[in-house]
Amino acid sequence: KSGFISIIGRPNVGKSTFMNKVIGQKIAIMSDKPQTTRNKIQGVLTEKDAQMVFIDTPGIHKPKHRLGDFMVKVAEDTLNEVDAILFMINAQEGYGRGDQYIIDRLQQVNRPVFLVINKIDLIHPDDLFAMIAEYKERYDFKEIIPISALEGNNVDRLLEVVKGYL
Ligand code: GDP
Ligand code: MG
């Protein structure tokens, strides 16, 4: 099994921390799958049964200045070129306009989208349940997976779930 996985989300939600945790000291091997110049490879995880190429998709967070419809279209097209999308949010921050912007873009995407709620080490479980309920109403995520990228909680489970869709 192999595939490209795009990680999207607002700044500081923990995307880089997640990448470091996943790739860690493991040797990165480049995939021979074709890639587009619009996607920036962040890391490659090679396991016995799967190769997962994690990529950064620029332009999917709300731009500071208004970009034309063309740029929005490019970002959407980019998301349609990957095999799975991880939409990462910060468990400490409630639903906000930045999230709505991304979810609006995701409505045009026909790829499996997973909601990754990161930094669960910082919140109370009751708040996590409320958050899950809120996001479920707004988008039909394939799965919602709470993790702590910093402490590594549930990161292996997330990888297993995504693998199932490759
Ligand atoms: P990015 O901008 O999405 O790449 O976010 P970073 O990976 O740079 O993380 C931003 C900040 O959040 C850093 O100070 C991280 O140490 C912190 N952080 C990331 N993941 C977690 C987590 O699971 N728990 C906690 N407590 N902090 C985290
Ligand atoms: Mg980063």
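Confidence in this predicted model varies along the protein chain. Helix H2 (residues 69-79) has the lowest confidence, with a mean of 71, and strand S6 has the highest, at 98. Across the protein chain the mean pLDDT is 83. A value of 70 or more is reached by 79% of the residues. In residues 25-37 the pLDDT falls below 50. That stretch still has 15 contacts in the model beyond near neighbours in sequence. Where pLDDT is low, predicted coordinates should not be read in detail. The scores for the model are ipTM 0.99 and pTM 0.88.

Strand S5 spans residues 113-118. Five of its six residues are buried, so S5 is largely enclosed by the rest of the structure. Pairing was examined next, beginning with strand S4. S4 covers residues 84-90 and runs parallel to S5, with six bridges joining the two. Within this pairing, Phe87 has Leu115 of S5 as its bridge partner. The connection from S4 to S5 passes through helix H3 (residues 97-106). This β-α-β crossover is right-handed.

S5 also pairs with strand S6, which comprises residues 143-146. The pairing is again parallel, over four bridges. Here Ile117 stands opposite Pro146 of S6. From S5 the chain crosses through helix H4 (residues 125-138) to reach S6. This β-α-β crossover, too, is right-handed. S5 thus has parallel pairings with S4 and with S6.

Note on methods:
Residues numbered from 1 in each chain as written. Chains lettered and ligands numbered in written order. Predicted model: local features only at pLDDT ≥ 70, side-chain atom pairs only at ≥ 80, totals over all residues. Buried ≥ 20, exposed ≤ 12 C-beta atoms within 10 Å, placed from the backbone. Pairing = 2+ DSSP bridges. Right-handed = clockwise from strand over helix to strand, strands pointing away. pLDDT = per-residue confidence, 0-100. Contact = placed C-beta atoms within 7 Å.
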